[in-house]
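Thanks for coming. I have one structure to walk through today, and I will keep it short.

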Amino acid sequence: MRSTKEAHIGDTLYHSDNPVEPMHGFKPVQPMVYAGVYPLDQSQHLVLRGAIEKLTLNDCVVTVQPESSPALGQGWRLGFLGLLHLEVFNQRLDQEYDAQAIMTAPSVTYKIRITGKKNIALYGGEEILVSNPVKLPDPSIVEEMYEPTVLGTIITPDEYLGSIMSLCMEKRGVQRNSVNIDGTRMMSQWIFPLNEIIVDFHDHLKSISSGFASFDYEDNGYVPSELVKLNILLNGIVVEELSTIVHITKSTTIGKRMCLKLLDIIPQQMFQVAIQAKVNGKIVARENLKAYRKDVTAKLYGGDVTRRMKLLKRQAEGKQRMKTIANIVLPRETFIDVLKR
């Protein structure tokens, strides 16, 4: 055994002269939520890699795959059990190893069925698994898309049942059954798409039930679904790290919400920033982040109005030049906060 990666929970160790029967019943835990992790600066790449390797020693559930991004450079694609697991891992990187990282928006694994012999040969099979929206195949070659679902169990006092049912239906949940436990509490089971509950479902459930409701879920397989890729554009440039896969019926709503969220999160720049959400080549939402503006006419005390117009025109031309060459700075928390309501 050359490294700890070769040791798995459930392995049976024995002396080479005394073979034994291996134990049964151990299955490797499969990650359910994926996110990209990148260093703030590429000079910190080795430091962050060492920190991730040390953390994965005592958290063997986390899967690590190298990944690169045109905007963020070299990084990794990490798999987690859930959003809480992801946030704890990110916090430990910061507190225990002082390795500040940029973590992209979390996503789940989708199953894509591809059509066309050449495309099947290119992707190595008729069905592929995609956990990164950037790697989603072109819609023209996709025959059908499947999303993972979970069977969720909610136990709550009966006075909160109406609000919880509204929340579940908003998350595209389908109720399977409902049972009265003891006259004051209800237990209901729902089938949820996994991508609807990984970000903020638990927080809202606790909020509307005053903390009394509990939620647990287990894997329920894949189901066919109408999914589309939602792209976020800043000044006409697609930010792949903010891209996400959503259901077609919620694409406009989620696009508007993400644009409004980014309007609050992105710091004001020296130039105007156009924030757009695009689905299948169509802009479904737009917000404008206004630029800082210096009063260039403050020194004028009168005279011809053309002097004022000339100064304002020169300022507008300067901001337009800046817009073509400047970079937009995004805070570290943007990639996760933008998905929360």
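I will start with the whole chain, then take a sheet, a helix, some single residues and a group of aromatic rings.

Please keep in mind that this is a predicted model. The protein has 341 residues, and 42% of them are buried. Its secondary structure comes to 9 helices and 15 strands. The exposed surface is about 20,000 Å², with carbon and sulfur atoms supplying 53% of that. If we take the contacts with a separation of 6 or more, 66% are between residues 24 or more positions apart.

Now to the sheet. In what order do the 4 strands of the open sheet run? The order is β2-β3-β1-β4, and the pairing is antiparallel. The strands at the edges are β2, residues 63–69, and β4, residues 101–103. Each of these two has a single partner strand, so one side of each is left without a neighbour in the sheet. From one strand to the next, the twist averages 30°.

Inside that sheet, look at β1 and β3. Strand β1 covers residues 33–39 and strand β3 covers residues 73–80; they pair in the antiparallel sense over 5 bridges. One position to look at is Ala-35, which stands opposite Leu-78 in β3. A helix also packs on this sheet: α2, residues 83–97, touches β1, β3 and β4. The direction of α2 makes about 135° with that of β3.

Next is helix α4, which runs over residues 161–170. Which residues of α4 are buried? They are Leu-161, Ile-164, Leu-167 and Cys-168. Seen down the axis of α4, the buried residues fall within an arc of 125°, so they line one face of the helix. What lies over them? The cover includes β7 (142–157), β9 (185–193) and α6 (201–208). After α4 comes Arg-172, with a positive phi near 60°.

Arg-172 turns up again when we look at His-247. That histidine lies in strand β13, residues 244–247. Setting aside residues up to four places away in sequence, His-247 touches Arg-172, Ser-225, Glu-226 and Leu-227. Is His-247 buried or exposed? Its relative accessible area is 15%, and the cut-off for buried is under 20%, so His-247 counts as buried.

Back to β7, one of the elements covering α4. Thr-149 is found in this strand. Thr-149 has 3% relative accessibility and therefore counts as buried. Leaving aside neighbours within four places in sequence, Thr-149 is in contact with Ile-191, Phe-192, Pro-193 and Leu-194, and also with Asp-219, Asn-220, Gly-221 and Val-223.

Between β7 and α4 there is a loop, and Asp-158 is found there. With a relative accessible area of 37%, Asp-158 is partly exposed. Apart from neighbours within four places in sequence, its contacts are Gly-183, Thr-184, Arg-185 and Met-186. Asp-158 and Met-186 are 28 residues apart along the chain, yet their C-alpha atoms are separated by 5.8 Å.

Last, the aromatic rings. A pair of aromatic rings is described by two values, the distance of the centres and the angle of the planes. How many aromatic pairs does the structure hold? There are 7. In the pair of Trp-190 and Phe-192, the ring centres are 6.3 Å apart and the planes are at 20°, so this pair is stacked. Phe-192 also pairs with Phe-201; here the centres are 5.1 Å apart with 55° between the planes, and the pair is tilted.

What about burial? Trp-190 counts as buried at 2% relative accessibility. Phe-192 is buried at 0%, and Phe-201 is buried with a relative accessible area of 1%. These three residues belong to one aromatic cluster, which is formed by Trp-190, Phe-192, Phe-201, Phe-215 and Tyr-217. Phe-192 was also on the contact list of Thr-149.

To find your way back through the model, three places will do. One is the open sheet β2-β3-β1-β4, with α2 packed on it. Another is α4, whose buried residues line one face of the helix. The last is the aromatic cluster that includes Trp-190 and Phe-192. That is what I have; I will stop here.

Conventions: Residues numbered from 1 in each chain as written. Predicted model: local features only at pLDDT ≥ 70, side-chain atom pairs only at ≥ 80, totals over all residues. Heavy atoms only, no water. Buried < 20%, exposed > 50% of the residue type's maximum accessible area, 1.4 Å probe, protein only. Contact = heavy atoms within 4.5 Å. Areas by Shrake-Rupley, 256 points an atom, 1.4 Å probe, with all protein chains shown as cover. Arc of directions from axis to C-beta. Pairing = 2+ DSSP bridges. Axes fitted to C-alpha atoms, helices over the stretch in contact; angles between N-to-C directions. Phe/Tyr/Trp six-rings, centres within 6.5 Å; stacked < 30°, edge-to-face > 60°.
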